[in-house]
Amino acid sequence: MEFGRATAPDTFVLERTLKAPIARVWSYFVDGDKRSRWFTGGDTLSANGQAFSILFAHRNITSEKPPERWAQMESGEFPMTGRVLAFDPPRLLAITWGDGEQHVSEVRFEFTAKGEETHLKLTHTKIDTEASLRDFAGGWTAHLETLASVLAGKPANHFWADVVAAHEAYETRL
């Protein structure tokens, strides 16, 4: 598992190399169906300024039972809306994170081709609390582990185990 770092009290950065060409990785971020296999389904992202809806349904990415802390997510679906802040295929995607005007943060995904692999830099900013920063860090780390498995054609049924491991690691790292 690759871990990220806090670069400011409200900012988390995670970098990793994904074993797939940039166009393929990009498609797993913008295509709603592909994104649902590792993160969240919903609208396909296609333009600067686009308003979008996404739907968290963790049961779509794992058959594991969630740990007690996240038990409410076992059968629930959690919608969220956002806006595309930057759309430059296949190099840059930036979105707002959260609903309404309260607790809205921003996530920036930067993609760099490295031959048949892709370097991803994820930067999540404007995070409201230290606890939220740790939660986002653990979630992003686990979701990117799932994406790496999906891109490699491997079973991705370890999401909740990765969430627990990442959260435990970030308790001391952040």
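In this predicted model, G41 stands opposite L55, a residue of strand 4. That position belongs to the pairing of strand 3 with strand 4, which runs in the antiparallel sense over two bridges. The points below follow the sheet outward from this pair and then turn to the enclosed space in the protein.

**The sheet**

- The sheet is open and has eight strands, arranged in the order 1-2-8-7-6-5-4-3 with antiparallel pairing.
- Strand 1 (5-8) and strand 3 (41-42) each have a single partner strand and stand at the edges, so each of them has one side left without a neighbour in the sheet.
- Strands of a sheet pair through backbone hydrogen bonds, and they may do so in a parallel or an antiparallel manner.

**The helix on the sheet**

- Helix 3, which spans residues 130-151, packs on the sheet and touches strand 1, strand 2 (11-18), strand 6, strand 7 (105-114) and strand 8 (117-125).
- The direction of helix 3 makes about 10 degrees with the direction of strand 2.

**The cavity**

- The count of cavities of 30 Å³ or more comes to one, and the largest cavity holds about 80 Å³ of space.
- The elements giving two or more residues to the lining of this largest cavity are strand 4 (51-56) and strand 6 (92-97).
- The residues that line the largest cavity are F29, R35, W38, F39, T40, L45, F52, I54, L93, I95, F109 and W140.
- Sorted by class, the lining of the largest cavity consists of ten nonpolar residues, one polar residue and one charged residue.

How values were computed: Residues numbered from 1 in each chain as written. Predicted model: local features only at pLDDT ≥ 70, side-chain atom pairs only at ≥ 80, totals over all residues. Heavy atoms only, no water. 1 Å grid on protein atoms, 1.4 Å probe; cavity = no way out; pocket = protein on both sides within 12 Å on 5 of 7 lines; lining within 4 Å. Points joined across faces, edges and corners; volume = space filled by probe spheres on them. Helix = DSSP H or I, 4+ residues; strand = E, 2+ residues; numbered from the N terminus. Nonpolar A, V, L, I, M, F, W, Y, C, P; charged D, E, K, R; others polar. Pairing = 2+ DSSP bridges. Contact = heavy atoms within 4.5 Å. Axes fitted to C-alpha atoms, helices over the stretch in contact; angles between N-to-C directions.
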